[in-house]
Amino acid sequence: MEGAATSGGETHQTVSDSGDGTALTTQQGVPIADDQNWLTAGPRSPQLLEDHIAREKIFHFDHERIPERVVHARGYGAKGVFESYAAAAELTQAKLFSEAGKQTEVFVRFSTVAGNKGSADLARDVRGFAVKFYTEAGNWDLVGNNIPVFFIQDAMKFPDLIHAAKPEPHTGFPQAQTAHDNFWDFVSLMPESTHMLMWIMSDRTIPRSFRFMEGFGVHTFRLIDTAGDSKYVKFHWKPLAGVQSVVWNEAVKLNGADPDFHRRDLYDAIDSGDFPQWELGVQVFDDEFADRFEFDVLDATKIIPEEQIPVTPIGKMTLDANVDNFFAETEQVAFCTSNVVPGIDFTNDPLLQGRNFSYLDTQLKRLGGPNFTHIPVNAPRCPVMNFQQDGHMATVPPAFGRANYEPNSWGDQGGPREDPDGGFRSFPASADGDKRRTRPESFADHYSQAKQFYDSQTATEQTHIGDAFVFELSKVDRLDIQQRMVAGLRNVDDDLARTVADGLGIDLPDALGAARPTRTDLEPSPALSIIAEPLQSFAGRKIGVLVADGSDAKVLGHLRAAAKKEGTKLAFVAPRVHGVTDSDGNEIDVDEKVDGGPSVLFDAVAVVLTEAAAATLSRDATAKDFVSDAHAHAKFVAHTADAVALFDAAGVTSDDRDDGYHALASKRSAAEFVEACRSVRFWDREASVDQT
């Protein structure tokens with residue numbers, strides 16, 4: 001209800017207006033009579049400092065913000081469950097893998113890395129993929145990314161990397177992008193970054209959705225079985241809906257159309273019951289493989305190709321619930337790579353070792369004290385029993401009674417004790433050597449896997465990588481940085497380096513000196529390509545349907561039926577959001593007004609218009625953009641015969657309408673269109689379209 005207005009004109013909503021009669025209170029539980037006006041000495045008189053209600057309200061407002069994360073500040077979370085496929089005692093004693101069908105609660109946070117909390121979702125950036133497993137033996141945090149390698153080999157360089165990637169300190173921009181001198185100066189002087197650069201210049205860093213991303217643990221970990229024996233492991237998340245990205249021009253326009261595109265997509269999918277799922281897979285290997293592998297398994301800038309060690313699925317994660325409160329959960333969740341459980345252990349990966357040291361400091365700074373595990377999203381779901389006590393914001397009574405130390409002689413009142421059988425034990429790996437600051441010689445090959453990644457891409461993906469390098473380096477002012485970066489690319493692929501040099505308008509420099517020559521005997525790995533593995537279904541995607549008054553009701557019915565069968569959603573776009581009717585006089589439930597629903601929001605488009613509506617929309621710039629952008633972004637397009645006038649007006653003539661276009665008339669044509677959409681894009685078109 002709107003409530004009553006007083007003589008001052010302000011609105012008061014009272015308990016008598018409320019459906020459940022709930023009274024507004026202070027943080028101390030005191031009911032509030034007036035929440036509109038500060039206590040004053042009279043009308044138009046000074047405010048009084050004795051107003052404890054106003055003081056408390058302003059005080060709390062002034063302290064609502066906590067420090068944002070230095071990296072991964074922009075993120076979105078969801079809740080779900082992990083289910084183990086089978087008992088895995090031969091691999092690990094970790095209890096979440098102890099039996100088939102065993103379920104474990106999880107919390108997941110996806111994020112960008114470089115941008116601040118207010119940056120846009122479609123930045124070209126690595127995506128964080130962090131999962132907290134609330135196991136019966138404690139919390140395990142698998143804190144990974146959507147890319148399996150990283151820029152640096154040693155955590156000592158992490159502050160330098162992030163400083164270089166963030167906005168330049170003298171200007172405070174650019175935000176959430178690496179297209180500037182500082183970043184490219186740094187990485188051009190750090191050849192170990194080259195493999196990662198190939199990944200971030202690929203379409204992997206402009207994903208269509210969090211739901212369509214792979215995830216990786218990045219590092220090599222250990223699995224410890226019940227006998228105490230160890231094997232090495234790399235963790236992989238594989239989306240059951242398949243991997244999908246957007247193109248760069250599309251990403252730029254998406255950031256303008258909906259800066260929250262990824263957040264909204266995940267929220268809407270879960271809210272509608274279309275729960276995202278990933279399989280957790282492992283690459284497991286022993287010392288014998290590690291010794292003969294071409295590269296060092298402790299080097300975080302390297303992968304183990306899936307063709308050499310296939311990924312074995314061991315369980316499935318389903319995200320089936322959105323957060324109840326963004327701040328309480330997504331902002332306050334605290335991940336630490338050092339959070340492992342019995343059966344999972346660390347290796348001597350120097351980047352992992354540094355992360356283990358760093359993350360606790362991060363949580364202390366952000367969340368204000370050592371008791372961040374008392375926050376519900378961080379609290380283990382198993383009993384927590386120890387002698388740690390007090391500190392800022394301690395909200396859980398300690399587990400001990402009389403004794404707050406051990407050993408002690410208080411018997412039954414003495415509190416928890418060590419558990420030699422079930423407790424965490426580090427694997428007794430041997431370690432020897434001189435204490436020194438050094439980098440292993442086995443880490444010195446910086447270009448071979450970068451070449452392998454590039455060679456594994458389709459021609460379309462290689463084009464995208466070259467275009468991305470040209471775009472980023474075109475924003476760099478210093479010629480010597482551009483030249484040094486292109487010189488490094490010559491150690492990856494001469495044609496790529498030449499493409500970038502030509503795009504920048506510079507001469508091709510000599511190749512940069514390399515600590516180790518680039519290997520040419522590494523086989524391409526098809527698993528590294530997105531396009532090479534087509535989707536089996538278009539489920540979970542969205543088709544934007546441009547309609548207007550009089551749109552063919554039968555065609556719309558055929559589209560709805562085909563989309564429903566595939567598990568695909570339709571979103572209707574029209575010149576107005578209310579009162580649009582089809583040819584049978586039925587009102588169409590419009591999702592977007594045409595100037596607020598560009599085709600970049602959708603995975604494919606259909607245009608169902610009468611001849612008159614097409615003629616009218618031919619004079620509408622946003623309607624023309626709807627079809628011209630869909631064409632430029634190589635999307636599949638369906639249309640009725642009467643809609644062609646809009647395409648012609650947008651510059652997409654009959655000669656341009658290739659095999660990615662489908663005429664809509666019958667039930668069969670609608671089904672064939674949706675089936676064709678499984679290819680996601682009609683890539684043959686891209687070479688003929690200038691997206692600038």
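The legends below accompany close-up views of a predicted model.

**View 1. The largest nonpolar core and the helices that contribute to it.** This core has 50 residues, and those with the most contacts inside it are Phe 151, Trp 184, Met 198 and Phe 469. Two or more residues each come from helix H2 (158-165), helix H3 (181-188), helix H4 (194-200), helix H10 (448-455), helix H11 (459-474), helix H12 (479-489) and helix H13 (494-504). Leaving aside residues up to four places away in sequence, Phe 151 touches Val 126, Leu 161, Phe 183, Val 187, Glu 192, Ser 193, Met 196, Leu 197, Ile 200 and Thr 301. Another core, of 35 residues, lies apart from this one and has Ala 88, Ile 270, Val 341 and Ile 344 among its members. In soluble globular proteins, nonpolar side chains tend to be buried together.

**View 2. Helix H11 and its surroundings.** Helix H11 has 16 residues and reaches 22 Å from its first C-alpha to its last, which is close to the 22 Å expected at 1.5 Å a residue. Its buried residues are Thr 460, Glu 461, His 464, Ile 465, Gly 466, Ala 468, Phe 469, Val 470, Glu 472 and Leu 473, and what covers them includes H3, H4, H10, H12 and H13. An α-helix has 3.6 residues a turn, so residues three or four places apart point the same way.

**View 3. Aromatic pairs and an aromatic cluster.** The structure holds 29 aromatic pairs, one of which is the edge-to-face pair of Phe 97 and Trp 140, with 6.2 Å centre to centre and 75° between the planes. Because Phe 97 lies in the loop between strand E3 (75-84) and strand E4 (103-112), whereas Trp 140 belongs to strand E6 (residues 138-145), the pair ties together parts that are 43 residues apart in sequence. Phe 97 is buried, with a relative accessible area of 2%, and Trp 140 is buried as well, at 1%. Phe 183 and Trp 184 form an edge-to-face pair, at 5.2 Å centre to centre and 90° between the planes, and both of these residues are buried. One aromatic cluster includes Phe 82, Phe 97, Phe 110, Phe 129, Phe 133 and Trp 140, together with Phe 210, Phe 221, Phe 235, Trp 237 and Trp 278.

**View 4. Arginine side chains over aromatic rings.** The charged end of Arg 381 sits over the ring of Tyr 134, 3.8 Å from its centre. Arg 541 lies over the face of Phe 212, at 3.7 Å from the ring centre.

**View 5. Cysteines in a structure with zero disulfides.** The cysteine sulfur closest to that of Cys 336 is in Cys 382, and at 15 Å this is too far for a bond. Cys 336 is buried, with a relative accessible area of 1%, and Cys 677 likewise counts as buried, at 1% relative accessibility.

**View 6. Cis peptide bonds and positive phi values in loops.** Most residues other than glycine have a negative phi, and most peptide bonds are trans. A cis peptide bond joins Phe 173 and Pro 174, with omega about 5°, and Pro 174 is found in the loop between H2 and H3. Glu 406 and Pro 407 are also joined by a cis peptide bond, with omega about 5°; Pro 407 lies in the loop between helix H9 (350-367) and H10. Arg 44, although not a glycine, has a positive phi of about 60°; this residue lies in the loop between strand E2 (11-12) and helix H1 (52-62) and is exposed, with a relative accessible area of 89%. Asp 390 has a positive phi near 60°, is found in the loop between H9 and H10, and counts as exposed at 51% relative accessibility.

How values were computed: Residues are numbered from 1 along each chain as its sequence is written. This is a predicted model: local features need pLDDT of at least 70, side-chain atom pairs count only at pLDDT 80 or more; totals for chains, interfaces and linings use all residues. Side-chain values use heavy atoms; hydrogens and water are left out. A nonpolar core is a set of buried Ala, Val, Leu, Ile, Met, Phe, Trp, Tyr and Cys residues joined through side-chain atoms within 4.5 Å. Buried means under 20% relative accessible area, exposed over 50%, partly exposed in between (1.4 Å probe, protein chains only). Helices (H or I, at least four residues) and strands (E, at least two) are DSSP runs, numbered from the N terminus. Contact means heavy atoms within 4.5 Å. Rings of Phe, Tyr and Trp (its six-membered ring) pair if their centres lie within 6.5 Å; planes under 30 degrees apart count as stacked, over 60 as edge-to-face and the rest as tilted. A charge sits over a ring if NZ of Lys or CZ of Arg is within 6 Å of the ring centre and within 35 degrees of the ring normal. A disulfide is a pair of cysteine sulfur atoms within 2.5 Å. The expected span of a helix is 1.5 Å times one less than its number of residues.
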